[in-house]
Amino acid sequence: MAQPAALKVVQHCSVEPLHGTTTSPTPTILPITFFDLLWLRFPPVERLFFYEFPKPTTSFFDSVLPTLKHSLSLTLQHFLPLAGNITWPLQSSTPIIKYVPGDAVSFTIAESNASFNHLCSDLCEAVERYSLIPHLSTSHEQASVLALQVTVFPNLGFCIGITTHHAALDGKSSTLFMKSWAYACSSKLGESQSLSLPEHLTPFFDRSVIREPTGISEVFVDAWLKHGGPNNRSLKVWEFTNPIETDAVKGLFELTPSHIQKLKQYAHSKLKKKVQLSAFSVICAYVLACLVKAEQPKSNGVLFIFGVDCRSRLDPPILPNYLGNCIAGQMVVAETKSLLENDGFISALEGINEALDRVKDGVLSEVENWMSYMHNSTEDRIFSIAGSPRFEVYSIDFGWGRPKKVDMTSIDRTAAFSLSESRNNNGGIEIGLVLKKHEMEAFSALLVQGLESF
């Protein structure tokens, strides 16, 4: 097992929004909606973006880094709340996100002697990536919204690490911010003090468009106050106490369009009920079945949880660039033994199709139970999904080319697997997950053998 490579922190600094002019004023205080409240103390979301830059380190520090920092300051003009903090004023029934002049985003600059190409490969030791993740500061009284770290690998490339508070941003929102920052950076604005963003990259903050079911925020707040309470107003996020296995590895796997079509064709031949199958449903079902067979959980049941973007599904729909959380969870319950059988893929797919049918009845159905679903412990093995191919993370180009790899590190401790579009830009889907070494070997074999047998 390789030891973590040395990382030298060059500078801990902070980046403030430049106080130029924008076409529309950015709010400095944002209410927390019931969508946000679900994630109040959940661990933050982390992503690493690896970019090739085969030039001397001096060139990086002289040209790339100043451009990254200046464009970040310009971008934050449009995203002021991201430079602020989540607080819970005594006079407020719910937490708020508040920015005050002088607030800034934590920005760490580091240099690593790790193997850039190994970290960008399809398989690497999980522990090797952790020094690249920026730390998000949280306490009982307040919590930062965003933290960033830029790590340079001399003469090879650099990594941008982003950590976001889940109560402030969902995946679609965090990638909107990254795309806006990349747009500003690649626009080569020089010493400009203001930035004009195109409409599709301009965040929409108006919380009044979220029509909350009557009393639901009060239900969620009450649950948090009682969790570790009474009257527990803590904003400190949970930390995982279980250590990552020393032999844990991170793997990336690609399902090509032909693989996805093969899964759909096989499913159509086996399903009793004829339904229109999406790439999402067949991929999730297939990965879940392979994971259960690789891991061999001892529990009688398996829970699979996935999120549904509600922006286009609310009545009325809201803009796709709404900044905040707007996702609803769907749960699939299955018997472990049914997933371990030869046609575990079909069993998983039937459960996912039923969950997707429930979405058609309304994404806010059973909203009063969401908090209990997320907090109640269970004897079942829980799997979940993070990310989405629709985020288009491999399109985020800061001016030096597309990412060589995008790694969602926050899934390591949550038994989740991530989905994104393929880095090969071929219409395929990329799957990321962390497993013990022997489980990863079993999963890889199952994934390949299953596709060959269909």
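In what order do the seven strands of the open sheet follow one another? In this predicted model, the order is β7-β11-β17-β16-β14-β12-β13, and the pairing within the sheet is mixed.

**View 1. The open sheet and its two edges.** The strands β7 (residues 123-125) and β13 (residues 327-335) stand at the edges of the sheet, and each has a single partner strand, so one side of each is left without a neighbour in the sheet. On average, and with direction ignored, neighbouring strands of this sheet are turned by 20 degrees against each other. Strands of a sheet pair through backbone hydrogen bonds, in either the parallel or the antiparallel sense. Within this sheet, strand β12 (residues 301-309) and strand β14 (residues 381-387) provide a parallel pair, joined over four bridges, and in this pair Ile-305 stands opposite Ser-384 of β14.

**View 2. Helices that pack on the open sheet.** Helix α6, which spans residues 257-270, packs on the sheet by touching β11 (residues 248-255) and β17 (residues 429-436), and the direction of α6 makes about 80 degrees with that of β11. Helix α9, which spans residues 344-360, lies across β12 and β13 and runs at about 145 degrees to β13. One residue of helix α9 is Asp-357, which counts as partly exposed because its relative accessibility is 30%. From Asp-357 to Leu-446 the C-alpha to C-alpha distance is 29 Å, and the two residues are 89 residues apart in sequence.

**View 3. The crossing of helices α7 and α11.** Leu-446 also appears here, as one of the contact residues of α11. The axes of helix α7 (residues 279-295) and helix α11 (residues 437-453) come within 8 Å and cross at roughly 135 degrees, which means that α7 is oblique to α11. The crossing in which α7 passes α11 is right-handed. On the α7 side, the contact is made by Tyr-286, Val-287, Cys-290, Leu-291, Lys-293, Ala-294 and Glu-295. On the α11 side, the residues that make the contact are Glu-439, Ala-442, Phe-443, Leu-446, Leu-447, Gly-450 and Leu-451.

**View 4. Strand β6 and its partners β1 and β9.** Strand β6, made of residues 105-112, is mostly covered, with six of its eight residues buried. Strand β1 (residues 7-15) runs antiparallel to β6 and is joined to it by eight bridges; in this pair, the bridge partner of Gln-11 is Ile-109 of β6. Strand β9 (residues 146-153), in contrast, pairs with β6 in the parallel sense over six bridges, and here Ala-110 stands opposite Thr-151 of β9. In a regular strand the side chains alternate between the two faces of the sheet.

**View 5. Cysteines without a disulfide.** A disulfide is a covalent bond between the sulfur atoms of two cysteines, and the structure holds zero disulfides. Cys-159 is in no disulfide, and the nearest cysteine sulfur, which belongs to Cys-120, is 8.1 Å away. With a relative accessibility of 1%, Cys-159 counts as buried. For Cys-310 the closest cysteine sulfur is that of Cys-326, but the distance of 5.0 Å is too far for a bond, because a disulfide requires the two sulfur atoms to lie within 2.5 Å. Cys-310, at 0% relative accessibility, also counts as buried.

Key:
Residues are numbered from 1 along each chain as its sequence is written. This is a predicted model: local features need pLDDT of at least 70, side-chain atom pairs count only at pLDDT 80 or more; totals for chains, interfaces and linings use all residues. Side-chain values use heavy atoms; hydrogens and water are left out. Two strands pair if DSSP finds at least two bridges between them. Axes are lines fitted to C-alpha atoms, for helices over the stretch in contact, and angles run from 0 to 180 degrees between N-to-C directions. Contact means heavy atoms within 4.5 Å. Buried means under 20% relative accessible area, exposed over 50%, partly exposed in between (1.4 Å probe, protein chains only). Angles under 35 degrees count as roughly parallel, over 145 as roughly antiparallel, 65 to 115 as roughly perpendicular and the rest as oblique. A crossing is left-handed if the near helix is turned anticlockwise from the far one by less than a right angle, and right-handed if clockwise.
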